[in-house]
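Me: I would like each label on this model justified. Take the terms in turn, give the cut-off, and then say whether the value meets it.

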Amino acid sequence: MNFTTLRDNSLKKDRIYLDFNATSPLATELSEQILGWLSAWGNPSSIHCDGRRPKTLMRDARNNLAKFLGVHPLEVIFTSGGSEANNTAIKGVFESFHKVSSDPKKKQRRQLIISAVEHPSVKGAAQWARERGFDVTVVPVDRSGQLDIEFYKKSLSEKTALVSMMYANNETGVIFPIKELAEMAHRHGALFHSDCVQTLGKTELNLRELNVDYASFSAHKFYGLKGSGLLYVKKRSAYSNLIQGGGQERGRRGGTENVLAHTAFGYMTKFQGLIPEAISNMEKLRDYFEEELIKRIERVSITGKSSQRLPNSSNVLIEGIDGESLLMNLDIEGFSVSTGAACSSGNPEPSPVLLAMGLSAKEAQSSMRIGLGWTTSQEEIDSFLSGLENVVSRLRKIQAESLRQGEVSL
Amino acid sequence: MSPRILKPSPVKSDGTKTRVLVAMSGGVDSSVAAALLVEEGYEVIGVTMQVWDYSQCEVDEGAGTCCSTTDVDDARDVADRLDIPFYVINCEAKFKEDVINPFVSAYLQGQTPLPCVNCNTYLKFDHLIRKMKELNCDYLATGHYAQIQEGPAGDPQIFTSEDSWKDQTYFLFTIQPELLNTIIFPVGDWTKPELRKYAEEKDLIVARKKDSTGICFVGNSGYDNFIESQVSPNDLPPKGPIKEYPTGKVLGEHKGIHHYTLGQRKRLGVFAENPLYVIKIDAAEATVWVGDQEHLYRSEMEIAKCHLLDQIAEGESLRVKIRFQHQGAKAQLYKKSDGSYSVRFDEPQRAITPGQAAVIYRDKQLLGGGWICP
């Protein structure tokens with residue numbers, strides 16, 4: 001197995017994809033395998049012959065993913081994706097602490113702590129819990145994206161039920177020290193959830209070592225299919241169903257399983273051996289990109305550069321440039337990149353993550369995020385750099401002209 | 001000999017395609033505009049302006065407003081079928097500042113505003129012109145029913161559309177003449193039935209969509225409710241008397257002047273033997289004057305903030321439209337020292353309404369216009 005077999009032939013030849021934090025193309029090898037799995041259309045809950053193969057595929061996927069993450073297979077609950085996993089963890093803890101629990105000590109714990117840069121699914125679930133009587137504490141981050149640890153420490157108490165902090169940010173790639181944060185939470189008897197959606201294939205992590213109680217993952221950020229994700233729930237941790245239904249996932253998540261997507265997700269663990277090399281390739285290219293960028297384009301900076309980051313992420317602030325126009329121009333030239341999170345594109349408001357980091361609305365609107373993937377090549381980065389250079393210089397020229405004519409600037 | 005329609009060649013002198021940014025609302029006109037340009041061989045980029053959060057108002061989505069959420073999806077669908085790039089650009093802040101706020105304040109002053117002109121002035125032919133340059137496009141196209149033709153000196157001039165019923169030049173009088181070299185109106189020489197037929201043939205899903213009527217952001221609950229949703233209760237115009245014109249007799253109480261429009265007959269809440277019409281709205285006195293229809297007719301008006309696209313001679317007999325549905329009436333214009341114009345009609349006109357535009361034509365040529373003063 002090597003990177004060539006992973007290179008997806010469905011990627012358009014004349015385009016360069018640099019938005020791997022939004023989603024990744026399907027691994028070529030998977031698209032071949034999937035055709036074989038399509039015949040396993042049976043319901044894995046069925047006792048008869050047609051249910052057996054899908055059940056085995058699910059079991060293999062669960063075992064492989066558990067091994068990959070360093071956990072027990074029964075600690076893996078398949079979901080429809082990262083957002084469902086995040087919702088399940090947060091709402092589940094809320095339900096089991098607030099409603100179900102008869103333990104008065106548990107009922108005292110009515111605080112949820114999250115960071116200011118969490119994914120909308122975490123923020124949304126936190127808001128849901130707030131509306132039902134939980135106290136939600138939001139820990140700020142600084143301009144480099146790092147968590148205010150002192151604030152966090154002070155927020156923790158015997159009232160804290162759950163902490164939810166992402167492993168790495170989808171827009172900047174900035175990594176939080178999850179192991180330490182979880183340890184601090186545990187010292188106060190609180191549970192710890194981490195949204196690890198951006199980690200697969202970009203970092204090597206072992207959940208056992210990380211010692212979190214819950215962790216969320218998504219298949220489509222890892223060269224798999226959309227519609228598959230998983231929630232790791234450490235044995236004996238509080239849990240309550242988000243989706244009631246049949247006995248699937250040992251009664252913990254109702255609904256007939258997305259066998260094909262989960263099987264594909266599990267299959268991706270075969271590439272575990274490639275990850276160290278992939279990380280070092282991406283990091284080299286990302287660092288090269290940033291160095292060249294700063295050399296070739298004036299008034300640019302990298303947001304979060306001084307922090308520990310994912311090896312594939314770069315968040316670029318290009319002063320005076322409207323991110324919306326930049327993105328459209330790059331798209332027309334054949335480059336796929338994003339401004340804010342992909343979910344909010346189409347409605348280009350300034351990125352809440354960048355605002356939370358203390359960037360002004362104008363700075364946030366002049367930002368662009370790049371996400372490299374396993375297949376990104378030096379040629380692609382070079383081509384992107386020249387494309388970007390051209391577009392930025394043209395946009396700056398137009399802006400200078402309109403300023404001369406006394407028009408209102410951006 | 002009819003004047004030549006000005007339209008650039010789809011291929012530039014260097015052999016590359018002419019790149020056109022098309023403003024797509026999701027309606028049939030701008031969809032066909034985009035389709036025609038693609039068919040003619042231009043490189044086309046579609047764009048929809050997201051101007052208003054439609055979750056705030058009760059609009060039947062896609063049922064005849066300019067650009068509600070499903071309309072954005074319709075525009076995207078058309079762009080996909082045409083296989084052209086498509087983007088939604090957020091103009092909510094600019095739209096609020098340049099279109100909604102003036103609209104609201106005009107109503108509060110007892111006028112009947114015309115937001116579509118501001119939308120053209122500040123969004124389509126300013127913000128989108130900027131986007132056109134930024135996206136390295138050579139031209140901006142819109143689905144307006146209007147034509148750009150060659151004037152006597154070879155300069156571009158705006159003429160009414162082939163389909164005189166649909167003609168939209170009334171909304172275009174503020175356009176900067178120098179922009180006409182960068183604008184295309186692809187459907188200006190089409191009639192609406194032809195255009196629908198074309199859309200059906202091309203299988204554009206918008207072919208049977210209703211025409212847009214009314215103002216895109218107001219919704220079904222009416223102007224007065226919209227105004228009340230935008231203004232704090234303390235800033236709303238107060239109640240006041242409804243007086244009979246010219247006697248001054250108080251006939252009843254009105255709910256605030258923003259509920260009334262010149263010429264309005266229904267929902268006055270006063271009883272009289274003869275039908276009564278709103279004759280005048282006096283914002284300063286918070287008074288609504290009503291009276292017999294004959295008092296609605298006037299032969300003279302003043303127009304301010306005038307914008308002319310061509311020379312007009314003092315006393316020249318021209319055609320002036322005082323509202324979109326107005327056929328236009330013969331009039332002469334006289335310039336005043338402050339730059340405004342006095343307009344004298346040959347025949348008295350009904351309900352010359354402050355806040356609406358007076359738009360001037362020489363035959364079919366759009367000459368410009370101004371805003372009707374109270």
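**Between the chains**

Me: How many salt bridges does the rule find across the interface of chain B and chain A?

Reply: The rule finds 2 salt bridges across that interface. This is a predicted model, in which local features need pLDDT of at least 70 and side-chain atom pairs pLDDT 80 or more, while totals for chains, interfaces and linings use all residues; side-chain values use heavy atoms, without hydrogens and water. Residues are numbered from 1 along each chain as its sequence is written, and chains are lettered from A and ligands numbered from 1 in the order in which they are written.

Me: Why is the pair Lys131(B) and Glu324(A) called a salt bridge?

Reply: The term requires a side-chain nitrogen of Lys or Arg within 4 Å of a carboxyl oxygen of Asp or Glu. The side chains of Lys131(B) and Glu324(A) come to 3.3 Å, N to O, so the pair meets the rule.

Me: What makes up the interface of chain B and chain A, in residues and in area?

Reply: By contact (heavy atoms within 4.5 Å), 14 residues of chain B meet 19 residues of chain A. Buried area is the accessible area (1.4 Å probe) that two parts lose on being put together, summed over both. Here the value is about 1500 Å², with 48% given by carbon and sulfur atoms. Of the area that chain B buries against chain A, 38% comes from Tyr87(B), Arg130(B) and Glu134(B), more than from any other three residues.

**A helix with two sides**

Me: How do you know that the buried residues of H5(B) lie on the same side?

Reply: Buried means under 20% relative accessible area, exposed over 50%, and partly exposed in between (1.4 Å probe, protein chains only). In helix H5 of chain B (residues 192-201), the buried residues include Lys192(B), Leu195(B), Tyr198(B) and Ala199(B). These residues span an arc of only 120 degrees around the axis, which means that they share a side of H5(B); the arc is taken over directions from the helix axis to the C-beta atoms. The general rule is that an α-helix has 3.6 residues a turn, so residues three or four places apart point the same way. Pro193(B), Lys197(B) and Glu201(B) are exposed on the other side of H5(B). The cover over the buried residues includes helix H1 (28-40) of chain B. After H5(B) comes Asp203(B), with a positive phi near 60 degrees.

**Sheets**

Me: What makes E9 and E10 of chain B edge strands?

Reply: Helices (H or I, at least four residues) and strands (E, at least two) are DSSP runs numbered from the N terminus, and two strands pair if DSSP finds at least two bridges between them. The open sheet in chain B has 4 strands in the order E9-E8-E11-E10, with mixed pairing. Strand E9 (250-254) and strand E10 (277-282) of chain B each have a single partner strand, so one side of each lacks a neighbour in the sheet. Neighbouring strands of this sheet are turned by 30 degrees against each other on average, direction ignored.

Me: Why is the pairing in this sheet of chain B called mixed?

Reply: E10(B) and strand E11 of chain B (residues 287-291) are antiparallel over 5 bridges, and Val278(B) has Val290(B) as its bridge partner. Strand E8 of chain B (residues 240-244) and E9(B) are antiparallel too, over 4 bridges. E8(B) and E11(B), by contrast, run parallel, with 3 bridges. Each count reaches the two bridges required, so each counts as a pair. Lys243(B) takes part on both sides of E8(B): opposite Val250(B) in E9(B), and with Trp289(B) as bridge partner in E11(B).

Me: What makes E17(B) largely enclosed by the rest of the structure?

Reply: 8 of the 8 residues of strand E17 of chain B (residues 365-372) are buried, so the strand is largely enclosed. E17(B) pairs in the antiparallel sense with strand E12 of chain B (residues 297-308) over 4 bridges, where Ala304(B) stands opposite Trp371(B). Strand E16 of chain B (residues 357-362) is also antiparallel to E17(B), with 6 bridges. The hairpin of E16(B) and E17(B) has 2 residues between the strands, and Asp363(B) takes a positive phi near 55 degrees there.

Definitions and conventions: Axes are lines fitted to C-alpha atoms, for helices over the stretch in contact, and angles run from 0 to 180 degrees between N-to-C directions.
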